[in-house]
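The following explanation leads the reader through one structure, from its strands to its core and its ligand. Please keep the sequence and the coordinates at hand while reading.

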Amino acid sequence: MAVQGNILTAFAAGALGASGILVSLLRNPTWSRRILGHRNQIEEVSTLHPDYKPGDKQPSPFTSDKYLALNPAELGDAMYPFMISAVVPRPVAFVSSLSKNGAGNLSPYSYFNAMSHDPPMVVIGHSYSSAKKDTGGKKDTLANILETGEFVVNIMNEWYVEAANFTCGPYDRGINEMTLSGLTPMESVKVKPPRVKESAVHFECKLVHSYEIKNHTGKATGMIVVGEVLLAHMHEEVATKSPHSGHDVVDLKKYSPVSRLGGVSYGRTTEYYNIPRPPKEEQKTPKTASEADEKARL
Ligand SMILES: *[C@@H]1O[C@H](CO)[C@@H](O)[C@H](O)[C@H]1NC(C)=O
Ligand SMILES: *[C@@H]1O[C@H](CO)[C@@H](O)[C@H](O)[C@H]1NC(C)=O
């Protein structure tokens with residue numbers, strides 16, 4: 001429909017002259033970006049090879065068997081574009097923190113994940129910045145977490161990415177990105193830093209461990225911070241009951257989670273497939289054709 005509409009537009013523009021056509025083609029909707037609605041249209045699909053049997057070779061799209069080796073000891077900081085393009089999609093921690101003087105800070109981190117559930121522990125990787133000379137490279141969020149031992153991880157949802165993007169700027173310490181961006185602070189229960197009201201899930205965290213990263217020349221280049229979740233919050237309108245356990249879980253259809261990809265790209269979750277785990281009996285199935293031959297000979 002959109003393309004057809006554009007052809008019509010192009011014809012109409014034709015009547016107005018060649019420059020009109022050019023303008024219209026430049027506006028071709030297949031080249032420009034669609035504006036998103038608020039909620040994902042999430043769809044269940046099948047895997048690529050639904051007829052797979054244990055031992056089958058999985059066809060790959062590759063025509064050669066060459067791999068490029070990337071050596072961190074030589075590349076140093078130049079590993080960054082590769083790392084963030086290779087480890088995808090990454091969840092995003094939108095971290096709220098306070099300095100010991102109570103100045104607020106809000107910033108997204110994509111070196112982030114949850115590592116356990118009993119108790120829930122989250123990990124955030126902070127890269128030092130050459131612009132932060134007074135703190136030895138530590139950005140405001142990290143400086144705050146180390147000072148107070150507290151932070152809140154807000155999960156990123158599609159409906160507030162523009163404001164979250166605004167908070168990424170290299171603003172001075174003491175500048176409160178929450179206020180500037182228009183996002184809404186919401187009081188936490190167990191920690192001092194506020195939650196972000198626009199986010200569907202919040203984790204109130206206390207710092208339990210920090211590990212400084214040194215590169216191959218011995219220079220401190222970052223810090224990994226481990227936090228224990230003292231209290232988690234889920235907005236009631238994204239909540240559902242797990243069909244398996246009956247416990248409270250997030251409903252993916254209502255969640256619109258944001259993920260980080262390489263470069264400055266972000267990902268949406270619009271399709272998924274369900275893969276039941278194999279039962280124990282599968283261990284008797286020969287793994288490969290040659291293994292099957294071997295078994296037949298014995
Ligand atoms: C280690 O870090 C320093 C400071 O950021 C940088 O100048 C140097 O290139 C890095 N060295 C390697 C091998 O990564
Ligand atoms: C993200 O921030 C940059 C810098 O302010 C701005 O140019 C860009 O348009 C913003 N993107 C969105 C989606 O708001």
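**A guided reading of the model**

Strands S5 and S6 run antiparallel and are joined by 5 bridges; strands here are DSSP runs (E) of at least two residues and helices DSSP runs (H or I) of at least four residues, numbered from the N terminus, and two strands pair if DSSP finds at least two bridges between them. This is a predicted model, in which local features need pLDDT of at least 70, side-chain atom pairs count only at pLDDT 80 or more, and totals for chains, interfaces and linings use all residues. Residues are numbered from 1 along each chain as its sequence is written, while chains are lettered from A and ligands numbered from 1 in the order in which they are written.

The connection from S5 to S6 is a hairpin through 2 residues. His117 has Pro120 in S6 as its bridge partner. Pro119 belongs to the loop between strand S5 (112-117) and strand S6 (120-127), and the peptide bond that joins Asp118 to Pro119 is cis, with omega at about 0 degrees.

A second cis peptide bond leads from Val88 to Pro89, where omega is near -15 degrees. Pro89 sits in the loop between helix H4 (80-86) and strand S2 (90-91). Most residues other than glycine have a negative phi, and most peptide bonds are trans.

Strand S2 also takes part in an open sheet of 3 strands, ordered S2-S14-S15, with antiparallel pairing. S2 and strand S15 (266-267) form its edges, each pairing on one side only. Between S14 and S15, which run antiparallel, there are 2 bridges; Arg260 is partnered by Tyr266 in S15. The loop between helix H8 (252-255) and strand S14 (259-260) holds Ser256, whose phi is near 45 degrees, a positive value in a residue other than glycine. Is Ser256 buried or exposed? Ser256 counts as buried because it has 23 C-beta neighbours inside 10 Å; the cut-offs are 20 or more other C-beta atoms within 10 Å for buried, 12 or fewer for exposed, and partly exposed in between, with C-beta atoms placed from the backbone.

Pro81 provides a contrasting case in helix H4. Pro81 is exposed, because 12 other C-beta atoms lie within 10 Å. Its C-alpha is 6.8 Å from that of Gly262, although the two residues are 181 apart in sequence.

The interior may be considered next. The largest nonpolar core (a set of buried Ala, Val, Leu, Ile, Met, Phe, Trp, Tyr and Cys residues joined through C-beta atoms within 7 Å) has 29 residues, of which Val92, Ala93, Phe94, Val95, Ile124, Val153 and Cys205 touch the most other members. Two or more residues each come from strand S3 (93-98), strand S4 (104-109), S6, helix H5 (140-148), strand S7 (150-155), strand S10 (201-214) and strand S11 (220-234). S7 gives the largest share, 4 residues. In soluble globular proteins, nonpolar side chains tend to be buried together.

Val95 illustrates how these elements meet. Leaving aside neighbours within four places in sequence, Val95 is in contact (C-beta atoms, placed from the backbone, within 7 Å) with Ser107, Tyr109, Ile124, Thr141, Phe151 and Val153. Thr141 is one of the buried residues of H5, together with Asp140, Leu142, Ala143, Asn144 and Ile145. The buried residues of this helix pack against S3, S4, S6, S7, S10 and S11. Just after H5, Gly149 adopts a positive phi of about 75 degrees.

Which residues surround ligand 1? They are Ala73, Gly76, Asp77, Asn215, His216, Thr217, Lys219 and Thr221, each counted if its C-beta atom, placed from the backbone, lies within 6 Å of the ligand. This shell has 1 nonpolar, 5 polar and 2 charged residues; Ala, Val, Leu, Ile, Met, Phe, Trp, Tyr, Cys and Pro count as nonpolar, Asp, Glu, Lys and Arg as charged, and the others, Gly among them, as polar.

Over the whole protein chain there are 9 helices and 16 strands, and 19% of its 298 residues count as buried. The average pLDDT (the predictor's confidence in each residue, from 0 to 100) is 86, with 83% of the residues scoring at least 70. Over residues 1-26, however, pLDDT stays under 50. Where pLDDT is low, the predicted coordinates should not be read in detail.

Methods. Contact = placed C-beta atoms within 7 Å.
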